[in-house]
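Me: I'd like to go through this structure and ask where the labels come from. Can you set each value against its cut-off for me?

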Amino acid sequence: MNAGRVALISGVSGGLGGAVTRAFPRAGFTVVGVARGAGNYVSADLTRPEGARAAVDEALRQAGRVDVLVHLMGGFAGGQPVEATDDATWQRMLDLNLNAAFYLCRAVLPAMKAAGRGRILTVGSRTGVEAAANFAAYGVSKAALIALTRTLALEGREHGITANVVLPSTIDTPANRAAMPQADATRWVKPEAIADLLVWLASDEAGEINGAVIPIYGRA
Ligand SMILES: NC(=O)c1ccc[n+]([C@@H]2O[C@H](COP(=O)([O-])OP(=O)(O)OC[C@H]3O[C@@H](n4cnc5c(N)ncnc54)[C@H](OP(=O)(O)O)[C@@H]3O)[C@@H](O)[C@H]2O)c1
């Protein structure tokens, strides 16, 4: 099952990263992780084109191939109406949630096309399909990520490359529990459930699923 397949996973040190980096090896994948810190993963700033290229080059150097790109990396900011949203917040959301995905997908596609096979998995948000007041920058960046993923699905299909995006609601992470201590965290979606969905989308069995925009909301 997936033996010999290599998954390049961004955002490995985040709240969702732990569950995903445990699930992929369990399913037989070799994992190359990416984040900015120092850990058991490739260190790269993916908001920069050269950082994304370097991460893909390093994955190819370490593992010889990239069969699956699991792009978890993203960020969250907002809480102000549009007229009070500053340039830095707007730019940061576009950099973290859209531009990094564009740079990383662009960098990984030549190797996937040469292999005649690939899986691109991105992580949007419910806010990418349901507008939320006071979160324009975040919502717009995730909506654009969905558009990018669906475009990749169309461009990839003649090359054996699929692209799908999953849309979590609030994820049950330590950071969210700390930020919202009064909330009922049992209603939130579990990182393990998202990880299982991503593993399945990466499998051969999911080869006919392309361009899907998949809600995974738990009971939130
Ligand atoms: N948490 C939620 O409730 C929620 C809900 C809906 C959607 N999502 C989406 O789900 C995904 C994962 O969320 P999460 O909660 O795991 O996020 P997180 O805890 O904030 O983790 C973000 C990850 O991205 C990495 N990262 C940040 N900036 C980077 C950069 N410039 N270059 C490379 N890596 C960078 C971080 O590592 P370093 O800081 O070490 O680089 C970290 O590994 C994101 O796309 C998020 O938008 C989350």
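**Labels and the values behind them**

Me: Why is valine 213 called partly exposed?

Reply: Valine 213 has a relative accessibility of 30%. Partly exposed covers the range between the buried cut-off, under 20%, and the exposed one, over 50%, so valine 213 counts as partly exposed. Keep in mind that this is a predicted model.

Me: Where is valine 213, and which residues does it touch?

Reply: Valine 213 is in strand E7, residues 213-216. Leaving out residues up to four places away in sequence, valine 213 touches Val129, Ile146, Arg150, Val165 and Leu167. There's also asparagine 164: its C-alpha atom is 6.3 Å from that of valine 213, with the two residues 49 apart along the chain.

Me: What makes phenylalanine 76 and phenylalanine 135 a stacked pair?

Reply: Two numbers do it. The ring centres are 5.3 Å apart, and rings pair if their centres lie within 6.5 Å. The planes are 20 degrees apart, and under 30 degrees counts as stacked. So the pair is stacked.

Me: Why does that pair tie together parts that are 59 residues apart in sequence?

Reply: Because the two rings sit in two loops: phenylalanine 76 is in the loop between strand E4 (68-71) and helix H3 (87-115), and phenylalanine 135 is in the loop between strand E5 (118-123) and helix H4 (136-156).

Me: How do you know whether phenylalanine 76 and phenylalanine 135 count as exposed or partly exposed?

Reply: Phenylalanine 76 has 54% relative accessibility; exposed means over 50%, so phenylalanine 76 is exposed. Phenylalanine 135 has 24%, which falls between 20% and 50%, so that one is partly exposed.

Me: And what makes phenylalanine 76 and tyrosine 138 edge-to-face?

Reply: Their centres are 4.8 Å apart and their planes are at 85 degrees. The cut-off for edge-to-face is over 60 degrees, so the label fits. This pair links distant parts of the chain too: phenylalanine 76 is in the loop between E4 and H3, while tyrosine 138 is in helix H4, 62 residues apart. Together, ring pairs link Phe76, Phe135 and Tyr138 into a cluster. The structure holds four aromatic pairs.

Me: Is tyrosine 138 buried or exposed?

Reply: Buried. Tyrosine 138 has a relative accessible area of 11%, and buried means under 20%, so the conclusion follows.

Me: How do you know that the charged end of arginine 126 is placed at a ring?

Reply: The charged end of arginine 126 sits over the ring of tyrosine 217, 4.0 Å from its centre. The distance limit is 6 Å, so 4.0 Å meets that part of the test.

Me: What about threonine 149: where is it, and why is it called buried?

Reply: Threonine 149 is in helix H4. Its relative accessibility is 1%, and the cut-off is under 20%, so threonine 149 is buried. Leaving aside neighbours within four places in sequence, threonine 149 is in contact with Thr122, Ala163, Asn164 and Val165. The side chain of threonine 149 also reaches the backbone oxygen of leucine 145 at 2.8 Å.

Me: Which residues come nearest to the ligand?

Reply: Ser13, Arg36, Asp45, Leu72 and Asn176, out of the 28 residues around the ligand.

Me: What makes the approach of arginine 36 to the ligand a polar contact?

Reply: A polar side-chain atom of arginine 36 lies 2.7 Å from an oxygen atom of the ligand. The limit for a pair of N or O atoms is 3.5 Å, so this pair qualifies. Glycine 37 has a backbone N or O atom 3.4 Å from a ligand oxygen, and a polar backbone atom of alanine 44 is 3.4 Å from a ligand nitrogen. Taken alone, the ligand exposes 890 Å², and the protein buries 81% of that.

Me: Last one: what stands out about the phi of asparagine 134?

Reply: Asparagine 134 has a positive phi of about 75 degrees although it isn't a glycine. Most residues other than glycine have a negative phi. Asparagine 134 is in the loop between E5 and H4. Asparagine 2 also has a positive phi, about 65 degrees, and is found in the segment before strand E1 (6-10).

Conventions
Residues numbered from 1 in each chain as written. Predicted model: local features only at pLDDT ≥ 70, side-chain atom pairs only at ≥ 80, totals over all residues. Heavy atoms only, no water. Phe/Tyr/Trp six-rings, centres within 6.5 Å; stacked < 30°, edge-to-face > 60°. Helix = DSSP H or I, 4+ residues; strand = E, 2+ residues; numbered from the N terminus. Buried < 20%, exposed > 50% of the residue type's maximum accessible area, 1.4 Å probe, protein only. Lys NZ or Arg CZ within 6 Å of the ring centre and 35° of its normal. Polar contact = N/O pair within 3.5 Å; in protein donor to acceptor, adjacent residues only side chain to side chain. Contact = heavy atoms within 4.5 Å. Near = heavy atom within 4 Å. Areas by Shrake-Rupley, 256 points an atom, 1.4 Å probe, with all protein chains shown as cover.
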